[in-house]
Amino acid sequence: MFKNTLTLSLGALALAATQLATAANLPTRPVLTLAAAQQVMQAAQAKAEAENWPCVISVVDAAGLPLTLVRMDNAAVPAGVEIAPGKARTAALFRRPSGALEDAINGNRPAAATARGFVLMRGGLPLVADGQIVGAIGVSADTPQHDEEIARAGAAALK
């Protein structure tokens, strides 16, 4: 009889745990898939090619981890293979354009320069889906303005 009672109690406990997990109703959020990251990359690369601005483009997920990286032929800045992913990671983790941090350093918040391990330069933009940041794009071309234009073209591919 003790064995049957124990089995029933364990079964009831498992059922209760399942119901609690369901009742918790955990939120869901959109995720940047590889296919979506490639779509962003292709749009950015098309803009760079159309304007003749060879560059490095990187797309990361919401945690700042890399999904794609393209170094176009004759990329203007060889260091872009490190800078572009850094801009993307910065935009993803700070949840704002990397240029906002550059502005802060040059403006009323020079202490922002102490954010080690981040690239505080224009060219990184968050990627938004369903009102949530799902990743970011980072670009290293020949000028900060071109970086941002290329990144905007990539980000627009998600809309």
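## Fold, sheet and cores of the protein chain

The protein chain has 5 helices and 4 strands. The model is predicted. Starting at the N terminus, the order of elements is α-α-β-β-α-α-β-β-α. The chain counts 159 residues, and 35% of them are buried. Its exposed surface comes to about 9,300 Å². Carbon and sulfur atoms supply 57% of that area. Take the contacts between residues at least 6 apart in sequence: 63% of them join residues at least 24 apart.

### The sheet

The 4 strands make an open sheet. Their order is β2-β1-β4-β3, and the pairing is antiparallel. β2 and β3 stand at the edges with a single partner strand each, so one side of each has no neighbour in the sheet. From one strand to the next, the twist averages 15°.

β1 covers residues 56-61. How much of β1 is buried? The count is 5 of its 6 residues, so the strand is largely enclosed by the rest of the structure. β1 pairs with both β2 and β4. The table sets out these two pairings.

| Strand pair | Sense | Bridges |
|---|---|---|
| β1 and β2 | antiparallel | 5 bridges |
| β1 and β4 | antiparallel | 6 bridges |

Individual partners fix the register. V59 has T68 of β2 as its bridge partner. On the β4 side, S58 stands opposite G138, and I57 stands opposite V139. In a regular strand, side chains alternate between the two faces of the sheet.

β1 and β2 also form a hairpin, with 4 residues between the strands. G64 sits in the turn and has a positive phi of about 80°.

### Helices on the sheet

Helix α3 spans residues 80-94 and packs on the sheet. It touches β1, β2, β3 and β4. The direction of α3 makes about 155° with that of β4. Helix α5 lies across β1, β3 and β4. Its angle to β4 is about 145°.

### The cores

The largest nonpolar core holds 21 residues. Which of them touch the most other members? They are C55, I57, V59, L127, I137, V139 and I150. Five elements each supply at least two residues: α2 (34-51), β1 (56-61), β3 (124-129), β4 (132-140) and α5 (144-156). α2 gives the most, with 6 residues.

Another core, of 5 residues, lies apart from this one. Its members include V60, A91, A92 and A136. A91 and A92 fall within the range of α3, residues 80-94. V60 falls within β1, and A136 within β4.

### Two residues of α5

I150 lies within the span of α5, 144-156. What does I150 touch beyond four places in sequence? The list is A44, K47, A48, W53, C55, I57, V139 and A141. A44, K47 and A48 fall in the α2 range of 34-51. I57 belongs to β1, and V139 to β4. The facing pair I57 and V139 is thus contacted by I150 on both members.

H146 is also found in helix α5. Is H146 buried or exposed? H146 is buried, because its relative accessible area of 17% is under the 20% cut-off. Leaving aside neighbours within four places in sequence, H146 is in contact with W53 and A141. Both W53 and A141 also appear among the contacts of I150.

Notes. Residues numbered from 1 in each chain as written. Predicted model: local features only at pLDDT ≥ 70, side-chain atom pairs only at ≥ 80, totals over all residues. Heavy atoms only, no water. Buried < 20%, exposed > 50% of the residue type's maximum accessible area, 1.4 Å probe, protein only. Contact = heavy atoms within 4.5 Å. Areas by Shrake-Rupley, 256 points an atom, 1.4 Å probe, with all protein chains shown as cover. Core = buried A, V, L, I, M, F, W, Y, C linked by side-chain atoms within 4.5 Å. Pairing = 2+ DSSP bridges. Axes fitted to C-alpha atoms, helices over the stretch in contact; angles between N-to-C directions.
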